[in-house]
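Visitor: I'm new to this structure and would like some help reading it. Could we go through a few features together, starting with the general idea each time?

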There are 2 protein chains.
Amino acid sequence: MDVAGAIAALRPVLGDRLVLSQAVRAAHGANETWFPEALPDAVAFPGTTAEVSAILAACHAHRCPVTAHGAGSSLEGHHLAVQGGISLDTGRMNRVLAVNAEDLNVVVQPGLTREALNEELRATGLFFPVDPGANASLGGMAATRASGTTAVRYGTMRENVLALEAVMADGRVIRAGSRARKSSTGYDLAHLLVGSEGTLGIITELTLRLQGIPEAVSAATCRFATVEDAVNCVILTIQSGIAMARIEFADQMMVRGFNTLSQAGLPEEPHLFVEFHGSPGGVREQAEAFGEIAAEFGAGGFAWTDRAEDRARLWKMRHDAHYASATLAPGKRTVSTDICVPISRLAEAVTGAQADLARLGLVATIVGHVGDGNFHCAVRFDPDDGAEVARVHAFTDALAEAALALGGTVSGEHGIGLGKIKFMAAEHGEALGIMQAIKAGLDPRNILNPGKLLPGAD
Amino acid sequence: MDVAGAIAALRPVLGDRLVLSQAVRAAHGANETWFPEALPDAVAFPGTTAEVSAILAACHAHRCPVTAHGAGSSLEGHHLAVQGGISLDTGRMNRVLAVNAEDLNVVVQPGLTREALNEELRATGLFFPVDPGANASLGGMAATRASGTTAVRYGTMRENVLALEAVMADGRVIRAGSRARKSSTGYDLAHLLVGSEGTLGIITELTLRLQGIPEAVSAATCRFATVEDAVNCVILTIQSGIAMARIEFADQMMVRGFNTLSQAGLPEEPHLFVEFHGSPGGVREQAEAFGEIAAEFGAGGFAWTDRAEDRARLWKMRHDAHYASATLAPGKRTVSTDICVPISRLAEAVTGAQADLARLGLVATIVGHVGDGNFHCAVRFDPDDGAEVARVHAFTDALAEAALALGGTVSGEHGIGLGKIKFMAAEHGEALGIMQAIKAGLDPRNILNPGKLLPGAD
Ligand SMILES: Cc1cc2nc3c(=O)[nH]c(=O)nc-3n(C[C@H](O)[C@H](O)[C@H](O)COP(=O)(O)OP(=O)(O)OC[C@H]3O[C@@H](n4cnc5c(N)ncnc54)[C@H](O)[C@@H]3O)c2cc1C
Ligand SMILES: Cc1cc2nc3c(=O)[nH]c(=O)nc-3n(C[C@H](O)[C@H](O)[C@H](O)COP(=O)(O)OP(=O)(O)OC[C@H]3O[C@@H](n4cnc5c(N)ncnc54)[C@H](O)[C@@H]3O)c2cc1C
């Protein structure tokens with residue numbers, strides 16, 4: 001590992017876009033959750049695929065770690081250069097390259113954020129639906145296989161990446177996937193890279209599916225007496241095949257956080273936030289079908305809205321859940337859990353988590369993309385309080401075990417990064433050896449985001 | 001390569017389920033299209049995952065080729081044991097292992113066929129939507145990333161495989177994916193195996209998404225004066241976001257074939273066959289929206305039906321297209337092309353193909369899942385007529401080039417097998433090297449379906 005050699009080799013390629021200042025390195029070494037700062041030796045700001053290729057070729061030659069950095073919003077320390085080396089910031093590769101409206105797709109650079117993309121699409125009548133709460137980069141979203149509130153309707157990044165360009169560990173540039181809607185020509189490299197967290201290649205271009213902005217949109221909030229009622233309403237709604245565009249759960253504590261951060265003024269009870277997309281008739285039909293099911297579970301306080309501003313406020317509040325949770329225990333850090341279970345096991349999973357949190361005396365909110373069987377507990381804790389840290393670990397370990405016992409997964413959308421490596425063997429068993437063989441075959445010098453995703457890859 | 005050694009090792013494991021008879025080997029060496037017979041040395045009929053594992057471990061030890069065989073309906077010679085060795089027939093692994101109705105999924109063995117699965121699901125109100133024309137095995141469908149008439153609405157095998165179990169080249173058994181609707185925990189091995197054509201592992205179990213049988217279904221046929229009108233109608237329908245469940249094109253020659261084989265009694269003009277799924281109101285809305293667009297392109301002869309028997313007859317006729325095409329030139333063989341292009345380029349692609357067929361004087365039908373931008377030319381030819389064979393090659397080469405030039409792919413759903421290997425470099429460029437590295441890493445002795453999918457893998 002010769003980081004200095006790599007930096008010297010990259011100086012002529014990048015000039016002042018190779019930055020060694022303390023401030024820029026510190027910004028790239030920070031994270032939204034609880035991982036210790038981890039500064040790269042240098043931050044590179046390439047502007048083109050050719051420059052990314054040159055960076056990787058040099059780092060390959062000098063065995064220097066390279067960790068891609070999009071918006072740095074990932075929650076498991078994914079983007080931290082824990083073994084030093086280069087942080088490859090995609091921020092300058094942030095252009096829309098082509099809007100193919102007639103094919104319902106768009107070609108973008110990886111550093112473009114999802115909000116900037118939707119801003120650029122505004123005049124076209126089309127939108128890109130995947131929305132993690134954060135204004136993440138599309139490259140980071142692809143790399144973590146992100147989803148968000150609308151995945152129940154439009155899918156995750158897996159379903160929405162049609163094709164991509166990537167630079168592999170030795171600097172080779174490949175294209176995977178096709179602009180056609182389907183293809184059966186060999187190994188699905190595009191979807192091997194989606195979710196690979198920067199450990200197999202750096203994504204330099206993405207072709208993404210777009211959706212037509214629906215003719216009619218209607219959203220509602222409603223509340224339930226118990227968590228079970230709210231979650232059982234979700235289960236039956238999904239089982240009935242009602243085409244929900246969004247169906248989000250928030251527990252009492254989460255609602256308290258929304259009230260504090262966003263002045264939501266909601267009664268402190270479990271809530272569902274829902275949205276319907278379609279034709280006016282279709283939306284009416286779906287909303288009625290949902291209303292009937294919700295009534296069976298004693299839903300009350302229905303507040304409907306068709307106005308875009310009100311909906312924007314609702315989803316902004318929802319997207320700020322991470323920060324709303326923080327208001328419940330200021331000055332602490334957050335662990336954000338992310339299990340996802342088969343929909344029929346969702347009530348067990350949520351009530352089990354609530355019981356464990358209560359038993360362990362932890363301050364936490366629960367919020368989730370429950371239509372997918374996915375929910376998050378944002379647990380607040382003091383990293384200097386050893387006993388509290390131990391209780392947090394007891395909680396997250398038990399939750400991961402519960403997810404696997406229920407036939408689910410330890411991460412529905414956030415990914416593995418540093419924080420969930422310890423669960424990989426339990427979730428994947430022998431398959432882990434296959435992942436390691438792929439990693440070894442495609443990045444034999446282990447320069448791409450070393451220390452992440454796979455146990456023992458470092 | 002010690003085939004005899006492998007056979008000797010497998011004898012005690014499989015007993016009389018290891019078959020060396022000429023008749024059984026010949027049945028496994030035949031194909032639906034134009035590839036020469038290629039007999040395996042023996043056919044194995046394992047009944048369990050453990051037996052598949054034992055077969056691969058023995059074949060790995062003896063460097064003996066193993067080619068999985070589902071229903072043998074693939075169109076590019078995929079299942080032919082072109083280097084001899086063992087044909088691994090999944091026909092005895094044909095059980096439904098669990099119907100998880102409350103989670104809208106089902107766990108099956110790979111040898112189960114799609115028709116048998118839907119038969120078993122009949123009482124549940126659920127169905128499995130992916131339908132290649134043939135009554136293929138679900139393992140074969142996953143291995144070729146198959147789709148069919150309903151992919152425009154429900155996706156291909158890629159979107160419908162949630163999880164799988166597979167035996168890798170050395171006999172290791174892995175599980176990939178999860179029963180949860182989404183997951184972000186490492187490399188997407190499930191979707192690396194989907195479409196890998198038995199070259200990376202043998203699929204021994206599949207968890208598949210199910211759909212609720214729609215409340216209302218309506219189907220129609222209509223005809224157009226020209227191919228351009230029919231295809232432009234499709235393009236506008238898809239661009240308008242109308243939720244088609246099926247939208248299939250047939251050219252004049254294809255209609256002639258349907259009339260001959262299935263007594264369809266349709267006027268010999270280009271046709272669309274469409275189907276709508278949803279609530280009664282939703283279906284009405286979609287059908288009206290489609291009708292308006294079709295009218296713009298001069299559609300006539302609309303025949304609507306809501307009766308299940310009529311629909312079954314319609315789709316049976318469509319599914320028999322391969323055999324209907326054969327009636328146009330009895331005694332010859334068929335090459336079935338399979339390009340898929342971005343929807344906006346579909347009219348160019350279809351009319352280009354028609355013009356080339358006419359110019360080269362070839363007898364062929366055109367039929368397609370045009371909602372995906374995918375269509376097939378079934379070209380009839382005499383393998384002993386060298387000049388005709390050369391014209392067929394000129395046609396298929398030009399078609400593949402056109403697909404790539406239009407931003408598409410050389411195979412939308414049939415896969416590569418033997419027949420399309422020669423296009424892999426043109427479609428994938430540098431990415432081919434990455435596919436080869438994965439193959440080398442996961443099957444270092446190249447025992448899994450050698451000679452297929454990848455150039456130079458043998
Ligand atoms: C308030 C808040 C709410 C959130 N809500 C959600 C949610 O609802 N759903 C959800 O899925 N996530 C959510 N997240 C997590 C986060 O937004 C996602 O993980 C997001 O996809 C990360 O994108 P990013 O651009 O910030 O990537 P980064 O954090 O910069 O990087 C993430 C990983 O991707 C790699 N990477 C980045 N760019 C590339 C590239 N071009 N090529 C290859 N690898 C690359 C990095 O090396 C790193 O391993 C939330 C985060 C916050 C802070
Ligand atoms: C009339 C007709 C119409 C067709 N229409 C369509 C269509 O609309 N859409 C479409 O996609 N295809 C279509 N096809 C092609 C064919 O039906 C599909 O390719 C199908 O998926 C093949 O399944 P099979 O069980 O016959 O597989 P096989 O032909 O037996 O094998 C196909 C490949 O998969 C591998 N394989 C089989 N089982 C396994 C396993 N368990 N694990 C790993 N690898 C395995 C084999 O080694 C081989 O490489 C059609 C074929 C015919 C004859």
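Visitor: Let's start with a pair of side chains: are Arg318(B) and Glu248(B) buried or exposed?

Guide: Before I answer, bear in mind that this is a predicted model. Both Arg318(B) and Glu248(B) are buried.

Visitor: What do the side chains of Arg318(B) and Glu248(B) meet in?

Guide: The general idea is that side chains of opposite charge can pair when their charged atoms come close. Here, Arg318(B) and Glu248(B) form a salt bridge, with 2.7 Å from N to O. Arg318(B) sits in helix α12 (residues 308-319) of chain B, while Glu248(B) belongs to strand β13 (residues 246-250) of that chain, so the pair ties together parts that are 70 residues apart in sequence.

Visitor: How about Glu119(B): which residue does Glu119(B) form a salt bridge with?

Guide: The partner is Arg122(B), and the closest N and O atoms are 3.0 Å apart. To judge the surroundings, look at accessibility: Glu119(B) has a relative accessible area of 46%, so Glu119(B) is partly exposed. Arg122(B) has 61%, so Arg122(B) is exposed. Another pair to look up is Arg307(B) with Asp310(B), a salt bridge whose closest N and O atoms are 3.5 Å apart. Arg307(B) counts as partly exposed, because its relative accessibility is 48%.

Visitor: How many salt bridges are there over all chains?

Guide: The count comes to 52 over all chains. Across the interface of chain B and chain A there are six salt bridges. Lys182(A) and Glu413(B) form a salt bridge, with their closest N and O atoms 3.2 Å apart. Now look around that pair: Arg181(A), Lys182(A), Asp372(B) and Glu413(B) are linked in a network of salt bridges.

Visitor: Let's stay with the interface. How many residues of chain B are in contact with chain A?

Guide: On chain B there are 74, and they are in contact with 74 residues of chain A. You can also read the interface as an area: about 5900 Å² is buried between chain B and chain A, and carbon and sulfur atoms give 56% of that. A further way is to count polar contacts, and between chain B and chain A there are 40 residue pairs of that kind.

Visitor: Which elements give two or more residues to the side of chain B that touches chain A?

Guide: Among them are β9 (173-177), α9 (227-239), α11 (280-296) and α17 (431-442) of chain B. The largest share comes from α17(B), with eight residues. If you sort that side of chain B by class, you get 27 nonpolar, 30 polar and 17 charged residues.

Visitor: Can we zoom in on one residue? Where does Ser196(B) lie?

Guide: Look in the loop between α8 and β10 (201-209) of chain B. Ser196(B) has a relative accessible area of 1%, so Ser196(B) is buried. A polar atom of the Ser196(B) side chain lies 2.7 Å from the backbone oxygen of Leu193(B). Leaving aside residues up to four places away in sequence, Ser196(B) touches Tyr187(A), Ala143(B) and Leu453(B).

Visitor: Now a helix, please. How many residues does helix α14 of chain A have?

Guide: The general idea first: an α-helix has 3.6 residues a turn, so residues three or four places apart point the same way. Helix α14 (residues 346-360) of chain A has 15 residues, and its first and last C-alpha are 21 Å apart, close to the 21 Å expected. Its buried residues include Leu346(A), Val350(A), Ala353(A) and Leu357(A). What do the buried residues of α14(A) pack against? Their partners in chain A include β13 (246-250), β17 (363-369) and α15 (386-405). Right after α14(A) comes Gly361(A), with a positive phi near 65 degrees.

Visitor: And what is phi in Asn449(A), which is not a glycine?

Guide: Most residues other than glycine have a negative phi. Asn449(A) has a positive phi of about 45 degrees. You'll find Asn449(A) in the segment after α17 (431-442) of chain A, and Asn449(A) is buried, with a relative accessible area of 4%. Leu453(A) is a residue other than glycine with a positive phi, near 70 degrees. Leu453(A) also has its place in the segment after α17 of chain A, and counts as buried at 0% relative accessibility.

Terms used
Residues are numbered from 1 along each chain as its sequence is written. Chains are lettered from A and ligands numbered from 1 in the order in which they are written. This is a predicted model: local features need pLDDT of at least 70, side-chain atom pairs count only at pLDDT 80 or more; totals for chains, interfaces and linings use all residues. Side-chain values use heavy atoms; hydrogens and water are left out. A salt bridge is a side-chain nitrogen of Lys or Arg within 4 Å of a carboxyl oxygen of Asp or Glu. Buried means under 20% relative accessible area, exposed over 50%, partly exposed in between (1.4 Å probe, protein chains only). Helices (H or I, at least four residues) and strands (E, at least two) are DSSP runs, numbered from the N terminus. Contact means heavy atoms within 4.5 Å. Buried area is the accessible area (1.4 Å probe) that two parts lose on being put together, summed over both. A polar contact is a pair of N or O atoms within 3.5 Å; within protein, one must be able to donate a hydrogen and the other to accept it, and residues adjacent in sequence count only if both atoms are side-chain atoms. Ala, Val, Leu, Ile, Met, Phe, Trp, Tyr, Cys and Pro count as nonpolar, Asp, Glu, Lys and Arg as charged, and the others, Gly among them, as polar. The expected span of a helix is 1.5 Å times one less than its number of residues.
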